Amino acid sequence: MILEAKNLVKWFGTEENKTYAVKDVSFSVNYGEMLYIVGPSGSGKTTLLSIISGILRPNAGVVFVKDKELWKLNDNEMADFRLFSIGFVFQDFHLFPRLTSVENVAIPLILQKKSWEESIAAGYKYLEIVGLKDRADLPPHKLSIGEQQRVAIARAIISEPDLLIFDEPTASLDGDTGKKIISFVRDNILSAKKAIIIVTHDNRIYNYATRILRMEDGKIMASNKGEF
Ligand SMILES: Nc1ncnc2c1ncn2[C@@H]1O[C@H](COP(=O)(O)OP(=O)(O)OP(=O)(O)O)[C@@H](O)[C@H]1O
Ligand SMILES: [Mg+2]
């Protein structure tokens with residue numbers, strides 16, 4: 001098992017007036033899996049992803065990633081976890097506005113202390129994979145939303161992390177581009193030593209999943225290989 005989440009709870013608001021976003025969620029992800037999480041808007045999907053990727057501390061519950069308890073890591077260990085072990089595509093991309101596309105893509109390698117030349121060369125390679133080599137030297141605001149999304153995907157996969165976490169990675173892409181990228185990720189990035197978790201509303205890519213979890217009102221309602 002690469003990831004195990006047990007009894008996760010997250011609420012927002014004040015002690016007197018809590019709004020529960022995640023209500024006692026437990027699930028696990030095996031090596032080699034491409035797990036989808038689907039469910040209506042507001043059901044807690046992004047909150048859950050943030051908890052399992054070390055971004056948002058839960059109010060209760062535990063997360064194990066590769067047998068280490070995530071929320072017991074100290075600051076340095078957590079920084080290393082985010083840098084080396086996971087790749088995250090945020091729903092709103094989080095690109096750096098003053099950097100070019102290729103620099104945005106290369107950031108994880110630069111932070112990992114690889115040389116600038118090596119990092120930028122890899123950046124071009126991964127931009128080519130997502131079909132954006134000709135946009136490499138432009139900043140994000142010169143790109144369409146779909147192109148920005150592809151830059152975010154290239155940045156998440158460039159260091160080939162053990163655990164890829166995608167929040168709506170194809171929402172702004174046309175069907176063919178979305179399928180191409182997801183099938184590339186499955187065939188070339190996923191391996192027996194890695195796993196991918198994808199939150200999506202995009203039923204055009206459902207058949208790439210090895211398993212689908214359905215979330216509703218902060219809870220996981222069903223787990224299925226089939227249709228939702
Ligand atoms: N920072 C926050 N402060 C207060 N409430 C929040 C916060 N983040 C999320 N929530 C609330 O938690 C619930 C779950 O939100 P979340 O973003 O996880 O849903 P989601 O399933 O990702 O929705 P979508 O499909 O629209 O992205 C919602 O009711 C939301 O309003
Ligand atoms: Mg969301």
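The exercises below, each with a worked solution, concern a predicted model.

**Exercise 1. The magnesium site**

Find which residues coordinate the magnesium ion (ligand 2), and work out which parts of the chain they tie together.

Solution. Begin at the ion itself: the magnesium ion (ligand 2) is coordinated by Thr-46 through its atom OG1 and by Gln-91 through its atom OE1, at 2.0 to 2.5 Å. Next, place both residues in the chain: Thr-46 belongs to helix H1 (residues 45–52), whereas Gln-91 sits in the loop between strand E6 (86–89) and helix H3 (101–111), so the pair ties together parts that are 45 residues apart in sequence. Then consider accessibility, where partly exposed covers the range between 20% and 50%. Thr-46 has 33% relative accessibility and therefore counts as partly exposed, and Gln-91, with 43%, counts as partly exposed too.

**Exercise 2. The surroundings of Thr-46**

Describe how far helix H1 is covered, and say what follows this helix.

Solution. The first step is to count: seven of the eight residues of H1 are buried, and the helix is thus mostly covered. The second step is to name them, and the buried residues are Lys-45, Thr-47, Leu-48, Leu-49, Ser-50, Ile-51 and Ile-52. The last step is to look beyond the helix, where Gly-54 follows H1 and has a positive phi, near 80°.

**Exercise 3. Strand E7 and its partners**

Determine whether the residues of strand E7 are buried or exposed, and identify which strands E7 pairs with.

Solution. Start with the strand alone: E7 comprises residues 163–167, and five of its five residues are buried. Now divide them by direction, since Leu-163, Ile-165 and Asp-167 point one way from E7 while Leu-164 and Phe-166 point the other way, and all are buried. Then turn to the strands that E7 pairs with. With E6 the pairing is parallel and extends over four bridges, and here Phe-88 stands opposite Ile-165 of E7. With E8 the strand also runs parallel, this time joined by five bridges, and Phe-166 stands opposite Ile-198 in E8. Finally, add the helix: E7, helix H6 (residues 175–189) and E8 together make a right-handed β-α-β unit.

**Exercise 4. An aromatic pair**

Classify the pair formed by Tyr-36 and Tyr-206 as stacked, tilted or edge-to-face, and locate both residues.

Solution. The model has two aromatic pairs. In the pair formed by Tyr-36 and Tyr-206, the ring centres are 6.3 Å apart and the angle between the planes is 80°. Planes over 60 degrees apart count as edge-to-face, and therefore this class applies. As for location, Tyr-36 is in strand E3 (residues 34–38) and Tyr-206 in the loop between strand E8 (195–199) and strand E9 (211–216), so that the pair links distant parts of the chain, 170 residues apart. Both residues fall below the limit of 20% for buried: Tyr-36 has a relative accessible area of 0%, and Tyr-206 has 14% relative accessibility.

**Exercise 5. Salt bridges**

Explain why the salt bridge between Arg-211 and Glu-33 ties together separate parts of the chain, and then examine the one between Lys-66 and Asp-162.

Solution. Opposite charges are the starting point, because side chains of opposite charge can pair when their charged atoms come close. The structure holds 11 salt bridges. In one of them the side chains of Arg-211 and Glu-33 meet at 2.7 Å, N to O. Arg-211 lies in strand E9 and Glu-33 in the loop between strand E2 (18–29) and E3, and therefore the pair ties together parts that are 178 residues apart in sequence. Glu-33 counts as buried, at 10% relative accessibility.

Now take the second bridge, where the side chains of Lys-66 and Asp-162 meet at 2.3 Å, N to O. Lys-66 is in the loop between strand E4 (60–65) and strand E5 (68–69), and Asp-162 is in the loop between helix H5 (145–157) and E7, 96 residues apart. Lys-66 is partly exposed, with a relative accessible area of 35%, whereas Asp-162 is buried, at 18%. To finish, note that Ser-85 in helix H2 (residues 75–85) touches several residues, including Lys-66 and Asp-162, and that Ser-85 is itself buried, with a relative accessible area of 14%.

Technical notes
Residues are numbered from 1 along each chain as its sequence is written. Chains are lettered from A and ligands numbered from 1 in the order in which they are written. This is a predicted model: local features need pLDDT of at least 70, side-chain atom pairs count only at pLDDT 80 or more; totals for chains, interfaces and linings use all residues. Side-chain values use heavy atoms; hydrogens and water are left out. Donors are N, O and S atoms within 2.8 Å of the metal (3.2 Å for Na, K and Ca); water is not among the atoms, so sites may look incomplete. Helices (H or I, at least four residues) and strands (E, at least two) are DSSP runs, numbered from the N terminus. Buried means under 20% relative accessible area, exposed over 50%, partly exposed in between (1.4 Å probe, protein chains only). Rings of Phe, Tyr and Trp (its six-membered ring) pair if their centres lie within 6.5 Å; planes under 30 degrees apart count as stacked, over 60 as edge-to-face and the rest as tilted. Two strands pair if DSSP finds at least two bridges between them. A crossover is right-handed if, with the strands pointing away from the viewer, the path from the first strand over the helix to the second runs clockwise. Contact means heavy atoms within 4.5 Å. A salt bridge is a side-chain nitrogen of Lys or Arg within 4 Å of a carboxyl oxygen of Asp or Glu. Lists of a residue's contacts leave out its neighbours within four places in sequence.
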